[in-house]
Amino acid sequence: MMEEDKLLRFHERLKDFVSKNLNLFLNIVGILAFLILLGFGYSYYSKKKEEKAFAEFFSLLTQGPTEATLLSFAEKNSNTEAGRFALIYLWDSALNRGDASLTLQLAEKLEKSLSSQGKVFVKYAKAKTFEEKGDLDAALKIYESISKEAGPLKELLYLDLIRLKEAKKDKKSAANLAQEFLKKYENSTLAGYVTVKLKELSGS
C-alpha cells in the first residue's frame, strides 16, 4: 500500500508539473517543428536555385556565350555550383588561349569560392601563368606558399621549385630540394630524373 501511495503522489506531482509547464512544452515543440520545416524549406529552395542556375548555364553554353555574358552569370550566381562551373569554364578557356591577364583575374575569383584543395590547384596554375610571363619571383612565392598543402601536386611542386631555384642561380637551394625529394619520394617515377638533376647541380 505504501508503494502505491508513493506512486500516486509521484503521478500527482508529475501531472502538476506538466500542467504548469504545458505552454513551455508546447512552445519548445512548436519551435523545433518550425526549425525542421525551415531546414526542409531551405534545402528545397537551394535545390531549386541550383537547378535553375544550371539550366541557365547550359542554355548560355548552347548559345555560344561571350566572355562578358558568362562573367555576368558567374557574378549573379556566385553562391551556386553553376556559378563556380562558369568561372572554371572561363578560366580553362583563358588558359587555352594563353590569356594571362584574364587567367590571373579569374584565379582570384576562384580562390574565394573553391574548397581548400581546389584553391591549391588554382594557385598552382596561377604560378605557372606568372612563370610563363617571366615573373619568376611571383611564381616562386606562390609555389613556396602552397608547398605544405599541395597534396597530389607535391612531387611536381618539388620539380618546379628546383627549376626556379636553378634559374635564379641558387644551385645550392636547388640541390637541397633535390636531396629532400629523393629522401621523401625515393620510389617515385620522377626519382631518376631528380637524381640526374642533383648530379648536374652538384657538378659531378
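Me: Why is D160 called buried?
Reply: Buried means under 20% relative accessible area, exposed means over 50%, and partly exposed lies in between, for a 1.4 Å probe and protein chains only. D160 has a relative accessible area of 2%, which is under 20% and therefore meets the definition of buried. This is a predicted model, in which local features need pLDDT of at least 70 and side-chain atom pairs count only at pLDDT 80 or more, while totals for chains, interfaces and linings use all residues. Residues are numbered from 1 along each chain as its sequence is written, and side-chain values use heavy atoms, with hydrogens and water left out.

Me: What makes the contact of R163 and D160 a salt bridge?
Reply: A salt bridge requires a side-chain nitrogen of Lys or Arg within 4 Å of a carboxyl oxygen of Asp or Glu. The N to O distance for R163 and D160 is 2.8 Å, so the pair satisfies the cut-off. Both residues lie in helix α8, three residues apart, about one turn of the helix. Helices here are DSSP runs (H or I, at least four residues), numbered from the N terminus. Salt bridges that share partners join R163 and D160 with K128 and E131 into one network.

Me: Why is R163 called partly exposed?
Reply: R163 has 32% relative accessibility, a value between the limits for buried and exposed, and therefore counts as partly exposed.

Me: How do you know that K168 and D137 form a salt bridge?
Reply: Their closest N and O atoms are 2.5 Å apart, so the distance criterion is met. K168 lies in the loop between α8 (154-167) and α9 (171-184), whereas D137 belongs to helix α7 (residues 136-146), so the pair ties together parts that are 31 residues apart in sequence.

Me: Why is K76 called exposed, and what is the class of E56?
Reply: K76 reaches 56% relative accessibility, which is over 50%, so K76 counts as exposed. E56, with a relative accessible area of 29%, is partly exposed. These two residues form a salt bridge, with the closest N and O atoms 3.0 Å apart. The pair links distant parts of the chain, K76 in helix α3 (residues 67-76) and E56 in helix α2 (residues 22-62), 20 residues apart.

Me: What makes a set of residues a nonpolar core, and which members of the largest one touch the most others?
Reply: A nonpolar core is a set of buried Ala, Val, Leu, Ile, Met, Phe, Trp, Tyr and Cys residues joined through side-chain atoms within 4.5 Å. The largest has 28 residues, of which Y143, I162 and V194 touch the most other members.

Definitions and conventions
Helix = DSSP H or I, 4+ residues; strand = E, 2+ residues; numbered from the N terminus.
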